[in-house]
Amino acid sequence: MALIVLAADKGSPGVTTAAVALAAVWPRRALLAETDPAGGDLVYRSAAAHGGMLNPNTGMLSIAATARRGLVPDQLWDHVQPLSGGLEVLVGLGIAEQAAGLAGLWPTLGSAFAQLADSPNAPADVIADCGRISGDTPVVDLFPHAALVLLISRTEPEAIARVRDRAAALSTKLHGGPRGAASLATPLIGVILIADPNNSGKLVNQVNDMLVHAQTGARVVGTLAEDPAGAEQLAGRKRGRLDKSMLIRSARKVTSDLYQQYGAAWTVPSQVQQQAAGHVPGQQPGQQTGYSGHAGAGR
């Protein structure tokens, strides 16, 4: 299984740009899902493979009706569109009001996303762009199904303070607090910094010290280059050698490091991982099963 969730606290750190960059260079087949309840951006910023606009009605909006009758992971492909360049995407909602149609379906979507890697027909890892989150954001119900929750942050002092506090809040919600987080329960929480490559090494050490001091259980797993020109190329608004941009080169480094560190675990079928973590297929995380929830929770 490999559902990788990307999210951020306040501000505009570039979650969508980071999600597209990582999905574009992911080591295995990847499906990018725009799961931000506030609405997606790809319809407005990216062209479809046929050269025209992406269809805003095919994606998260169309999948809502299917998911209410139950969702087999391979059914996700019926709602996918290819971007120019070939990246396969589930286009996000048009406006926040449409998120009401997904009420109660986020755990079902999370389970289907996580199990897509086990599909005998068309396996893929799912990179989910969840946008900005807060304590009551419904998309957080996807997170217990993820292998990694990656918080995207810039490096201004206020941004680093927010990502520290958001990591601590997620650790409590997903792992049961610092004691649970210390046992490396699933999903792991990581931080990706958007940083000037010339200063990233020093910043990584500083942010890791803050995360450890706050007992978040999270750590910095990589840095993406702050590269406005590369972001413009990725969105198709500027010509140039995208593969040579600092943004894409740094994305390759992040995905390579993640896969080297965690890839072996992602090859284990999701049902085996769920049972090892105390989940029984068909039941929601936290539901009483004889186990107390996620591995490490409350220990």
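Q: What makes a residue buried, rather than exposed or partly exposed?
A: Buried means under 20% relative accessible area, exposed means over 50%, and partly exposed is what falls in between. This is a predicted model, and in helix H9 the residues that pass the buried test are Leu247, Ile248, Ser250, Ala251, Val254, Thr255, Leu258, Tyr259, Tyr262, Gly263 and Trp266. Across the protein, buried residues make up 53% of the 299 residues.

Q: What makes H9 a kinked helix, and where is the kink centred?
A: The helix, which covers residues 246–266, has a kink of about 50 degrees, and Gln260 is at its centre.

Q: Why is the pair Asp257 and Lys253 called a salt bridge?
A: The rule asks for a side-chain nitrogen of Lys or Arg within 4 Å of a carboxyl oxygen of Asp or Glu. Here the closest N and O atoms are 2.6 Å apart, so the pair is within the 4 Å cut-off. Both residues belong to H9, four residues apart, or about one turn of the helix.

Q: Why does Asp257 count as partly exposed?
A: Its relative accessibility is 27%, which is neither under 20% nor over 50%, so the in-between label applies.

Q: What makes Asp125 and Arg28 a salt bridge, and which parts does the pair tie together?
A: Their closest N and O atoms are 2.6 Å apart, which sits within the 4 Å limit. Asp125 is in strand E5 (125–132) and Arg28 in the loop between helix H1 (15–24) and strand E2 (30–34), so the bridge ties together parts 97 residues apart in sequence.

Q: How do you know whether Asp125 and Arg28 are buried or exposed?
A: Asp125 has a relative accessible area of 1%, so the under-20% rule makes it buried. Arg28 comes out at 30%, so it is partly exposed.

Q: How do you know that Glu226 and Arg154 meet in a salt bridge?
A: The N to O distance is 3.3 Å, so the pair passes the 4 Å test. Glu226 is in the loop between strand E8 (219–225) and helix H8 (228–234), Arg154 in the loop between strand E6 (148–153) and helix H5 (157–175), so parts 72 residues apart in sequence are tied together. Glu226 is partly exposed at 40%, and Arg154 is partly exposed at 26%. The whole structure has eight salt bridges.

Q: What makes E3 and E8 edge strands?
A: The eight strands form an open, mixed sheet in the order E3-E4-E2-E5-E1-E6-E7-E8. E3 (81–82) and E8 each have a single partner strand, so one side of each is left without a neighbour in the sheet.

Q: What makes E7 and E8 partners?
A: Pairing needs at least two bridges, and six bridges join E7 (residues 188–195) to E8, with the two strands running parallel. Ile194 stands opposite Leu224, and Ala195 faces Ala225. The chain gets from E7 to E8 through helix H7 (residues 200–213), and this β-α-β crossover is right-handed.

Q: Why is E8 called largely enclosed?
A: Five of its seven residues are buried, so the rest of the structure largely encloses this strand.

Technical notes:
Residues are numbered from 1 along each chain as its sequence is written. This is a predicted model: local features need pLDDT of at least 70, side-chain atom pairs count only at pLDDT 80 or more; totals for chains, interfaces and linings use all residues. Side-chain values use heavy atoms; hydrogens and water are left out. Buried means under 20% relative accessible area, exposed over 50%, partly exposed in between (1.4 Å probe, protein chains only). The bend at a residue is the angle between axes fitted to the seven residues ending there and the seven starting there. A crossover is right-handed if, with the strands pointing away from the viewer, the path from the first strand over the helix to the second runs clockwise.
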